[in-house]
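Me: I'm new to this one and have it open in front of me. Please take me through it step by step, starting with a single residue.

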Amino acid sequence: MTLRLGDIAPDFEQDSSIGSLKFHEWAGDSWVVLFSHPADFTPVCTTELGLTAKLKPEFDQRNVKAIALSVDPADAHKEWIKDIEETQKTVVGFPIIADADKKVATLYDMIHPEQSATATVRSLFVIDPAKKIRLQITYPMSTGRNFDEILRVIDALQLTDKHTVATPGNWKDGDDVIIPLTVQDPEVIKQKYPKGFTAPKPYLRLTPQPNK
């Protein structure tokens, strides 16, 4: 199954480190970061889960829930969580899906035979409260994810959902944003962008970030 941006994230029921979990029900009205791992007790993923645990206050501010996935069973996840908490000096406050039968990995196209016929690739999905997939990133096994970038993209998605703007390259929360080309009416521009804008080129109109 090939998933694309804007598709509804497939629902599933699967075992996890906190017991049986129905994904859409668990997600509720939150944004979700779903990220997969090739196996438990892998060093790169251990650091990533530790980072995710430490970012819980940042995720909470943005109404985001984190959930991880590995093809190992729930008992192994619980032992791995102990290692993560010991080595990364944090508390893992999110579930890890126990995808032993690879049901979820298949639904989300996480098995790439050229990488491994049995282990999930390191995919990450950002899913909005309407259960739509808004971001997909797949990393090689040797490279840790950049969670500052994940937060940056969530900030941009939430801002652009609320306001008629786009974000430029390397944008960070608080930076100027772009007025889309779809907005041309001068009266609408005055109403939507009361702080005004600068236009280095007719197609490039920069305006201060609206209040969230």
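Me: Glu48: buried or exposed?
Reply: Heads up, this is a predicted model, where local features need pLDDT of at least 70 and side-chain atom pairs count only at pLDDT 80 or more, while totals for chains, interfaces and linings use all residues. Residues are numbered from 1 along each chain as its sequence is written, and side-chain values use heavy atoms, leaving out hydrogens and water. Buried means under 20% relative accessible area, exposed over 50%, and partly exposed in between (1.4 Å probe, protein chains only). With a relative accessible area of 1%, Glu48 is therefore buried.

Me: Which helix is Glu48 found in?
Reply: Helices (H or I, at least four residues) and strands (E, at least two) are DSSP runs, numbered from the N terminus. The run that holds Glu48 covers residues 43-54, and that's helix H2.

Me: And which residues does Glu48 touch?
Reply: A contact here means heavy atoms within 4.5 Å. Leave out residues up to four places away in sequence, and Glu48 touches His37, Arg122, Thr143, Gly144, Arg145 and Phe147.

Me: How many residues of strand S6 are buried?
Reply: Arg122, which Glu48 touches, sits on one side of S6 with Leu124 and Val126, while Ser123, Phe125 and Ile127 are on the other. In a regular strand, side chains alternate between the two faces of the sheet. Both faces of S6 are covered, and the count of buried residues in the strand (122-127) is 6 of 6.

Me: How many bridges join strand S3 to S6?
Reply: Two strands pair if DSSP finds at least two bridges between them. S3 (residues 31-36) and S6 run antiparallel, with Val32 standing opposite Ile127. The bridges joining S3 to S6 number 4.

Me: What is the bridge partner of Leu124 in S7?
Reply: S6 also pairs with strand S7 (residues 133-139), in the antiparallel sense over 6 bridges. Across from Leu124, the partner in S7 is Ile137.

Me: Which residue in the hairpin of S6 and S7 takes a positive phi?
Reply: The hairpin has 5 residues between the strands. One with a positive phi, near 70°, is Lys131.

Me: Where is Phe41 found?
Reply: Phe41 isn't a glycine, yet it has a positive phi of about 65°. At a relative accessible area of 44%, Phe41 is partly exposed. Its place is the loop between S3 and H2.

Me: What relative accessible area does Asn63 have?
Reply: Asn63 is another non-glycine with a positive phi, about 60°. It lies in the loop between helix H3 (56-61) and strand S4 (64-70). Asn63 counts as partly exposed because its relative accessible area is 38%.

Me: How many Å separate the centres of domain 1 and domain 2?
Reply: Domain bounds come from an automatic or database domain assignment. That gives domain 1 as 7-145 and domain 2 as 163-207. Taken over C-alpha atoms, their centres are separated by 35 Å.

Me: In what order do the 3 strands form an open sheet?
Reply: The pairing in this sheet is antiparallel. Its edge strands, each pairing on one side only, are S8 (177-178) and S9 (198-201). S8 pairs with S10 (residues 204-207) over 2 bridges, and the full order is S8-S10-S9.

Me: How many Å separate the C-alpha atoms of Ala199 and His77?
Reply: Ala199 is in strand S9 and counts as partly exposed at 44% relative accessibility. Along the chain, Ala199 and His77 are 122 residues apart. Between their C-alpha atoms there are 53 Å.

Me: How many of the 212 residues of the chain, in percent, count as buried?
Reply: The chain has 7 helices and 10 strands. Along its principal axes, the C-alpha trace spans about 60 × 35 × 30 Å. The buried share of the 212 residues is 46%.
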